[in-house]
Amino acid sequence: MASTLTHLQAPAARSLASWHEMVAQRDMRALDTIVHPDAVFRSPMAYNPYGPAPAVLMVLRTVMTVFEDFAYHRELVSEDGLNVVLEFSARVGDKQLKGIDLIRFDEQGLIVEFEVMVRPMSGLQALGAEMGARLAQSLPAFKVKA
């Protein structure tokens, strides 16, 4: 995977390195150490975000159990060094998908916003169905009201 971390601020770079390690190990137990208490998650299936941190943690921990053959391919960093775009591919059941994670960090390197976009529609539908089956009872309570 090509990396352009030279422009990411040091605290954000440390958190991103932790994120990559958690993903590689498929072990999200330390996730709460890099997520801000007021963080929000922006789903590809819903317009309004979910928050605060307990929702973000629930979604990210769950999706890592849903994705199969998950891999990151490219990283793009914003000029201010507080935002990163991660291109990924994965499989949900027999559906292949591509996507991007847009992650915004604060000055201390904590994730304050995690947004996901997924294509094609068949992959998004498979992901939505599986995530809905696992989180339908608990996630709606965390939807941020507009």
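Helices and strands are taken here as DSSP runs, numbered from the N terminus, with at least four residues for a helix and at least two for a strand. With that vocabulary in hand, a tour of this predicted model can begin.

A good place to start is the backbone, where two prolines stand out. Pro120 sits in the loop between strand 5 and helix 3, and the peptide bond that leads into Pro120 from Arg119 is cis, with omega near -10°. A second cis bond joins Gly51 to Pro52, this time with omega near -5°. Pro52 belongs to the loop between strand 1 (35-42) and helix 2. For a newcomer, some background helps: most peptide bonds are trans, and most residues other than glycine have a negative phi.

The second half of that background brings two further residues into view. Arg26, in the loop between helix 1 (10-25) and strand 1, has a phi near 55°, a positive value in a residue other than glycine. Asp69 likewise shows a positive phi, near 55°, and is not a glycine; its place is within strand 2 (residues 68-77). How accessible are they? Arg26 has a relative accessible area of 45% and is therefore partly exposed, while Asp69 counts as exposed because its relative accessibility is 55%, and the cut-off for exposed is over 50%.

Attention can now turn to how two of the helices meet. Helix 2 (residues 53-66) packs against helix 3 (residues 121-135) at an angle of about 120°, and their axes are 10 Å apart. Helix 2 is therefore oblique to helix 3. The handedness of this crossing is right-handed. On the helix 2 side, the contact is made by Met58, Val59, Thr62, Val63, Thr65 and Val66, and these meet Leu127, Glu130, Met131, Arg134 and Leu135 of helix 3. Sorted by class, the contact comprises 7 nonpolar, 2 polar and 2 charged residues.

A last stop is Glu107, in the loop between strand 4 (95-105) and strand 5 (111-119). Which residues does Glu107 touch, leaving aside those up to four places away in sequence? The partners are Gln9, Pro11 and Leu82. As for Met28, which lies 79 residues from Glu107 along the chain, the C-alpha atoms of the two are separated by 22 Å.

Notes: Residues numbered from 1 in each chain as written. Predicted model: local features only at pLDDT ≥ 70, side-chain atom pairs only at ≥ 80, totals over all residues. Heavy atoms only, no water. Contact = heavy atoms within 4.5 Å. Axes fitted to C-alpha atoms, helices over the stretch in contact; angles between N-to-C directions. Parallel < 35°, antiparallel > 145°, perpendicular 65-115°, else oblique. Left-handed = near helix turned anticlockwise from the far one by under 90°. Nonpolar A, V, L, I, M, F, W, Y, C, P; charged D, E, K, R; others polar. Buried < 20%, exposed > 50% of the residue type's maximum accessible area, 1.4 Å probe, protein only.
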